[in-house]
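Trainee: I would like to practise reading a model with you, from the whole chain down to a single residue. Could you take me through it?

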Amino acid sequence: MTTAPRSFAYSGTAATRTPPEVPRGVRAFLHRHLFNSPLGGVATFVLGAVIAIVLWRVLQWSVVDAVWYSPGDGSACRDAAGACWAVIAEKYRVILFGAYPYQQQWRGALVVALWLGWGAISATRLLSVTLRLAGWAVVFVASILLLGGGFLGLEAVGTDVWGGLPLTFIIFGGTVAGGLPLAVLLALGRRSQLPVVRFICVATIEGVRGIPLLALLFFAALILPLFLPPQLTVDKLIRAEVGMIVFFASYAAEVIRGGLQAIPEGQDEAAKALGLGYWLRTRKIILPQALAIVVPALFNDIIRAFKNTTFFSILGLFDVLGATKAALQDPQWVRYGTEGYLFVFLLYFLICSAMSAYGSSIERDNQRRARKAAR
Amino acid sequence: MRNYLATGLVALSALAAVCGPAGASTLDTVKKNGVVTCAVNGSRPGFSAVDSKGEWHGIDVDTCRALAAAVFGDASKVKFLKTNNQTRLTALQTGEVDVTVANTTWTRARDTDLGLDFVSPTFYDGQGLMVPKALGVKNAQELDGASVCVRPGSTSERVVADIQKKFGIKLKLVVIDDQKEINTAFFGGRCDVAVQSTSGLSSTRAAVAPNPDDYVILPQIFGKDPMGPVVRQDDPQWRDIVQWTVFTLFQAEESGVTSKNVDEMKADSKDATVRRLLGVDDSGGKGLGLDPAWAYNVIKQVGNYGEVFDRNVGKDSPLKLERGINAQYTDGGLIYAPPL
């Protein structure tokens, strides 16, 4: 004899209702969102006025009263009421390419074009993932060869004068390319059954997360050579890059571990029951799901890695920000620091938002795929 | 906080430098590398900075170029490493650079504790205080309770501590790491007093102040700021090379040898000092391990001290500094080279 559990749910068919009518049009929008009550109306007016005034001021400063061109000594900007964008026209080569030899800066420009171009092509997603990744590898290697030179009649340029945006891209690319695989390994190692592996991974992650990036780079660039035998000379850029990779991997590993823990045990057990080995299980069952979950958090780390490239100025290299800072010390242009920093802000903002937009599109793709799989 | 960290790291690297293996002589390393590697500040126009084309200019930069001219006979064989106050000496200790010429003030602590040696200063400065005229302050004693913008780890920081003790006044420190930010803070009214070398103050006032007449530099000069090249202590030969390259610049000015007239002087000067300076008689190159024409190359390619001063910080530069105590000793300054 069975008793049906008592249910709070209504039994029988539910009555059908038409969806609520939402008023459309400009008037309805204004009424609902901007003037839905007297207080709301006042708030809209006050805030609207504030925004309008601020926007007008900004426009006046940055466009109406701005000076776009000035002779090399900045004289045209002295009496200007608005922004002096001439400072960018004067200094953009230093800001974008640092102390890289002036005659050779087309190489840096080509590197920037390669990265932006392939970034745009990748974002359309017309090509397969494998092709896109292979393309990035080619872009990365080509950038290094192009900047370094020393072949085909290209003048050799030491890494000590690399700078600006090309350097930022290369550091960033190296950090992500080296850091992501390392992060996956660290995350897996931290969950490993083998105590030695687990200990090494935990020690690395916790140790690196416990020190500031600046100290890590300082150590890698300046102190480390003292402990290495003199015949083992590794380029400073590579030493610091390794520091960046380990730093990035330690943070990303914890993000990925979060993804691994979100995968139900049953998945792993089911794969085991099918007779799959550890690496096959991890590669085909666990990781694809785990990585899809952590995409938003991972892009957080990736964007931060891009911004962390500014720390490379401690090595004596001119990254974009460092080059801007140095360029703006010029006594004839030193008054226009705001314009210089705004330019750099815009540069970073555009690149970082592009990455962020790309991250969310991957996320949407994953959701679409998951919905399709569930159907 | 970052400052303590940097101090700790500098101490650690000093320890490592002492324990580290004694390598080849610096001159050999420099010759092997084919360039003189030089740590400079990189953000001090007039001393070391890049122009709009990414090329280096400044007194410190020219000192490095002179060194390259002395060693290689080619002033362009020099590599610059941009450093900040925390890394400029560490880079030298670890062998990353061969010489540091980065506005480093010669102090006893730096000379004796770090395994480094200072050679003859190329620029003498002192610290001064700048205040807004509206404050109505006439001297430092009246500054009790004022806020002061200083850079961490700089000489200014110590000068501020000394002033407080000396006059029994209390100052509020606003510590900012970047000179540009300090300028913004000071001219924006975030602090009442700017402390910097007097040369820095006058150029800041001329270039950055909204209205230079609104600011006064107090008459008192605090401390001494002799700034010049720094080398590692373990290589007397290299130290001599750097030292005498600097003296060559000094002596050339005293003897009236310039980059323009150096060839004529070499051909027909009867002056014994000039003949020794330019290697007509004995150039001293052998003792230094350099080419006999080393000093000639320095003057020909870089110029004498007066030329270097004028084009970088003096009358031909935007900074327009007076020679002041940086004049030749014959004009009442401190620039003095021992006899050749």
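What follows is a short talk about chain A as a whole, then about one helix and one residue of chain B.

Mentor: Gladly! Keep in mind that this is a predicted model. Let us begin with the fold.

Trainee: How many helices and strands does the secondary structure of chain A come to?

Mentor: A count of elements is a good place to start. Chain A has 13 helices and 0 strands, so its radius of gyration is the next thing to look at: at 28 Å, this is well over the 21 Å that the globule rule gives for 375 residues, and the chain is therefore more spread out than a compact globule.

Trainee: What box do the C-alpha atoms of chain A fill?

Mentor: Along the principal axes, that box is roughly 95 × 70 × 40 Å.

Trainee: What share of the residues of chain A count as buried?

Mentor: Burial is judged by relative accessible area, with under 20% as the cut-off. In chain A, 40% of the 375 residues are buried. As for the surface, chain A exposes about 21500 Å², and 67% of that is supplied by carbon and sulfur atoms.

Trainee: And what about contacts and charges in chain A?

Mentor: For contacts, look at separation along the sequence. Among contacts in chain A with a separation of 6 or more, 69% are accounted for by residues 24 or more positions apart. For charges, compare mean positions: those of the 33 positive and 20 negative charges of chain A lie 12 Å apart.

Trainee: Now to a single helix. What does helix 3 of chain B reach from its first C-alpha to its last?

Mentor: Here one sets the span against the expected value. Helix 3 of chain B covers residues 59-72, 14 residues in total, and reaches 20 Å, close to the 20 Å expected at 1.5 Å a residue. Just after this helix comes B:Gly73, with a positive phi near 70 degrees.

Trainee: Is helix 3 of chain B mostly covered or mostly uncovered?

Mentor: Mostly covered, with 12 of its 14 residues buried. Among them are B:Ile59, B:Cys64, B:Ala66, B:Leu67 and B:Ala70.

Trainee: Which residues does B:Thr245 touch, leaving aside those up to four places away in sequence?

Mentor: A contact list shows what packs around a residue. B:Thr245, found in helix 9 (residues 236-254) of chain B, touches B:Ala66, B:Leu67, B:Ala70, B:Trp294 and B:Val298. B:Thr245 and B:Ala68 are 177 residues apart in sequence, yet 9.7 Å apart in space, C-alpha to C-alpha.

Trainee: Why does B:Thr245 count as buried?

Mentor: Because its relative accessibility is 2%, and the cut-off for buried is under 20%.

How values were computed: Residues are numbered from 1 along each chain as its sequence is written. Chains are lettered from A and ligands numbered from 1 in the order in which they are written. This is a predicted model: local features need pLDDT of at least 70, side-chain atom pairs count only at pLDDT 80 or more; totals for chains, interfaces and linings use all residues. Side-chain values use heavy atoms; hydrogens and water are left out. Helices (H or I, at least four residues) and strands (E, at least two) are DSSP runs, numbered from the N terminus. The expected span of a helix is 1.5 Å times one less than its number of residues. Buried means under 20% relative accessible area, exposed over 50%, partly exposed in between (1.4 Å probe, protein chains only). The radius of gyration is taken over C-alpha atoms; the globule rule is 2.2 Å times the number of residues to the power 0.38. Contact means heavy atoms within 4.5 Å. Accessible areas come from the Shrake-Rupley method with a 1.4 Å probe; for residues, only the protein chains shown count as cover. Lys and Arg count as positive and Asp and Glu as negative; His and the chain ends are not counted. The place of a charge is taken as NZ of Lys, CZ of Arg, CG of Asp or CD of Glu.
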